[in-house]
Amino acid sequence: MATLVNHPDEVKIVSRRFGQGAANIDRYLELDGYKAVQKALELGPDGIIAEMKASNLRGRGGAGFPTGLKWSFVPKESAKPKYVLCNGDESEPGTCKDRLIFEHDPHSVIEGAMIAAIAVGSHAAYIYIRGEYRYLLEIMQKAIADAYAKGFAGKNIFGSGYDLEVYWHGGAGAYEVGEESALMESLEGKRGVPRIRPPFPAVVGLWGGPTVINNAETLASVPHVLLMGGKAYAEVGVERNGGTRLFSLSGHLARPGVYELPLGYSLRKAIYEVGGGVANGRQLKAVVPGGSSTPCLKADEIDIALDFDSTMKAGTMLGSGGIVVLDDQTCIVKFALRTIQFYRHESCGWCIPCREGTDWLQKSLKRFHAGGGVAKDIDNIRYLAENMLGRTFCPLGDAAAMPILGFVKKFREEFEAHLDGRPCPFGQHDAPHALPVLSH
Amino acid sequence: MKFSDQLEARFAGMITHYPARRSLLVPFLLYSQDEYGYVTDEVIAELSRRLEITELDIRNVISYYSMLRTKPAGRFNVQVCTNICCLLRGGEEMLAHAREKLGVQVNKGITPDGMFSVEEVECIGACSWAPAMQVNYTFHENLTPEKIDKILDDYRSEAAHK
């Protein structure tokens, strides 16, 4: 349903089967499907993990943890069953890439999960998809059933003697469940309240068993790593950042869409060339480079490479790859308010700094945007946000605080422009004004 | 209570997925909501019996997940996203338009014919195709007020022909 786009600078690895009918298992097989899992069976756990480490594939969910290393943490021997979990709870605002993977290439996720299972010696994989994505859950249910019908999943897969069950699971609306331990709680039929770590999921995870949990895009990349070879995959990206990412380009761009670009690609080019530049001939004000939780960059800070390390050096994060572009008519205070409104809604209330912090930040920003702010509020907002950082069980508290800190630090003058009862300098946007260019 | 045949088949199909029975709770609650319009007291009591967990425990779970509700919504629940990417492209205006067209308050109320309710929702994963909404589970993207009019009219006539 979601429209596909193309740009010559794209390197299509994960998206290579998009638009080719690969949700159909026979078509998937024609397009090299289920070859990588057979190769994995030949390679064995150590061989797979060696390829994964060589690939420099890092978690596509946001944290960027090296996938091969993550898998190597799972103990070889375990009294309890081991599990593989696919995190398809995509809900970081600005991110709409996993949707395309599930829609166009669901078998790649199954195959990636199977390879992960073989690598860590697990015999059960769960594919968790957020509740809003019902049509994708249905696509996945069919894909899993088709894989069983072909004998690719279940007992003795590909005649190897290895048993591997693959299951689907659906959510019911919760951003926080995208956090690994919260997702496990949710899969166990509970509120998605995060767990304290250690122990880490690799040792004590789902139902107490050692668990590997990876983002859907990470798992969809895994078969390609084995097909291309880890080294070749790594060479597509830059140092320590192997391969490509699906970047969700959104906001005030002329050509928004999901584009697959090699890691290390220039953010400036992603905005001005791939995304077609700022729509309606306006100027760039800011970019949120990796989903709503990542600190913004100002218009003069976009000459950076899109990889985990370069974005970190620039004081932000590559996050989920959701690049949100704000034009010069955007009110940063309003944008900050909408950002915190989301985190306040999603905070589970388990950790006080997050529960109270998001609530007070929303109250402060709301009053501020309405013209009721006083000068000391600006520092109070900063103080509140700073005191949430690193003080919660899961990263939701950080995710809420980081962008607000970024806005206050980088756009203080916009906050000041709202002081003394002055109306928002950007006024109310009416619909035609806010709708620059619509792709069809 | 007795589940509908369809729901019973879902229960039987899902319960074998997990080593612990209560694991089916979250997706099953949503399926039951699809069937009955909301999570009913009877479903909660029945699941409490079958999964051997307390009703309070189930209600606790329900309260955590934003899609689960214990009151009816319209037959077509119009869920308009106003999160950041939709905001930048007119999400708030789309929400206001849907609300005005249908004459119901956001997050409460159903049109007198029981047909529509309007909800303001958080990111639904349509950021590159903003502004967007879901009507029940169906995505509608790159919205304009005119498009919303047509979409809602189509649902109304679809319902009239059934």
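**Exercises on the interface of chain A and chain B**

R134(A) and D34(B) join their side chains in a salt bridge (2.8 Å, N to O), a term for a side-chain nitrogen of Lys or Arg within 4 Å of a carboxyl oxygen of Asp or Glu. The model is predicted, and side-chain atom pairs count only at pLDDT 80 or more. Residues are numbered from 1 along each chain as its sequence is written.

**Exercise 1.** Describe how helix α6 of chain A and helix α2 of chain B meet.

*Solution.*
1. Locate the helices (DSSP runs of H or I, at least four residues, numbered from the N terminus): α6(A) covers residues 134–149 and α2(B) residues 25–36.
2. Take the axes (lines fitted to C-alpha atoms over the stretch in contact, with angles from 0 to 180 degrees between N-to-C directions). The two axes come within 14 Å and cross at roughly 115°.
3. List the residues in contact (heavy atoms within 4.5 Å): R134(A), L137(A) and Q141(A) face L30(B), Y31(B) and D34(B).

**Exercise 2.** State how much area chain A and chain B bury between them, and which three residues of chain A supply the most.

*Solution.*
1. Buried area is the accessible area (1.4 Å probe) that two parts lose on being put together, summed over both.
2. For chain A and chain B this is about 5,000 Å², with 58% on carbon and sulfur atoms.
3. R134(A), R191(A) and R338(A) supply 15% of the area that chain A buries against chain B, more than any other three residues.

**Exercise 3.** Count the residues and salt bridges of the interface.

*Solution.*
1. Chain A contributes 72 residues and chain B 52 residues.
2. The rule finds four salt bridges across the interface.

Terms used. Chains are lettered from A and ligands numbered from 1 in the order in which they are written. This is a predicted model: local features need pLDDT of at least 70, side-chain atom pairs count only at pLDDT 80 or more; totals for chains, interfaces and linings use all residues. Side-chain values use heavy atoms; hydrogens and water are left out. Helices (H or I, at least four residues) and strands (E, at least two) are DSSP runs, numbered from the N terminus.
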